[in-house]
Amino acid sequence: MNFPATRLRRLRRTEAMRSLVRETHLHPGALIYPLFICPGEGIRKEISSMPGVFNLSIDEAVKEAEACASLGLGGLLLFGLPSEKDEEASGAWADDGIVQQALRTLKKDKALDSLVTIADVCLCEYTSHGHCGVVARDGDHYEIQNDSSVALIAKTAASLAKAGADIVAPSDMMDGRVEAIREALDAGGHEQTPVMSYASKFASAFYGPFREAADSAPQFGDRRSYQMDGANLREAMREIDQDIAEGADMLLMKPAMPYLDVIRAARELYDLPMGAYQVSGEYSMLHAAFQRGWLEPERTMMESLLSIRRAGADFIVTYFAKDAAKVLA
Ligand SMILES: [Zn+2]
């Protein structure tokens, strides 16, 4: 039936009507808030390019986590800023690594039982050169080694699970890491710990502000030999295939807004729970526009999150998690 019998505006006339026919919903339990843990006490240092986001010492992180729990958020994603870095990222897998210490403290706090603690698994915050893997150098030439990096990444995942991580989330993009992590977890008695794989992580300029937040900019070169080329959708599906075959329990797509088509394609092909990471640059550029009065903060934030849900993400890692939960309350 065509107009005038059909009038689509009939279902848009009131907020009650719009609410009834709404297809996509946001809820705080599907939002995950990233935390950047640094050494020290009483430290709460704002990241200049990410208003409202802080490097937090463990005591301050506990306060932040309690605020997240009372807002009903689904979980936390933990990153670490170690006091020292070296070539083999020993801070990533040390028993007393910064994130391991944070996990032990957070897990003792009963007020945080409603939050799923997810530990990012990578080496770049812990290597002196800032790459996500072990670097082999030969004069001016360098190569990020795959297999020796995977061994350290698996060791890191097992160490984080031992410290109390509910989920481990490898973000390094080395080949074969999900299988190696699964084996290391099982060998350590953590056969119940799920692996959330950043299956198709693109080499994106939108990660820029994160490198300040996590102090993880590569000292030389870039990450294009391991992270994906932003032009490749079919290759992204091959990456996901591989990770599922290796035992991934969940997927995390990254970045989100510039790659909504990739999220949609993955949603149609795969049945695993899938999240998307609205990355630092997505957050920073919106904030830059808010500061200038160019965009209305609340509506823009909610629309950006809704677009990611509509594309097919079950949950969203976002620096807006607390602000969005307040709007949804
Ligand atoms: Zn990394």
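Student: Which helix is Gln291 found in?
Tutor: Heads up, this is a predicted model, where local features need pLDDT of at least 70, side-chain atom pairs count only at pLDDT 80 or more, and totals for chains, interfaces and linings use all residues. Residues are numbered from 1 along each chain as its sequence is written, and side-chain values use heavy atoms, with hydrogens and water left out. Helices (H or I, at least four residues) and strands (E, at least two) are DSSP runs numbered from the N terminus. Residues 280-291 form one such helix, and Gln291 sits in it: H10.

Student: Is Gln291 buried or exposed?
Tutor: With a 1.4 Å probe and protein chains only, buried is under 20% relative accessible area, exposed over 50%, and partly exposed in between. Gln291 comes out at 62%, so call it exposed.

Student: How far apart in space are Gln291 and Pro51?
Tutor: In sequence, Gln291 and Pro51 are 240 residues apart. In space, C-alpha to C-alpha, the separation of Gln291 and Pro51 is 9.9 Å.

Student: Which residues are the protein donors of the zinc ion?
Tutor: Donors are N, O and S atoms within 2.8 Å of the metal (3.2 Å for Na, K and Ca), and water isn't among the atoms, so sites may look incomplete. Here the donor atoms are SG atoms 2.2 to 2.3 Å from the zinc ion, and their residues follow the spacing C-x1-C-x7-C. That gives Cys122, Cys124 and Cys132.

Student: How many residues apart in sequence are the parts that Cys122 and Cys132 tie together?
Tutor: Cys122 is buried at 2% relative accessibility, and Cys132 is buried at 0%. Both lie in the loop between strand E5 (116-121) and strand E6 (134-138), so the pair ties together parts whose separation in sequence, in residues, is 10.
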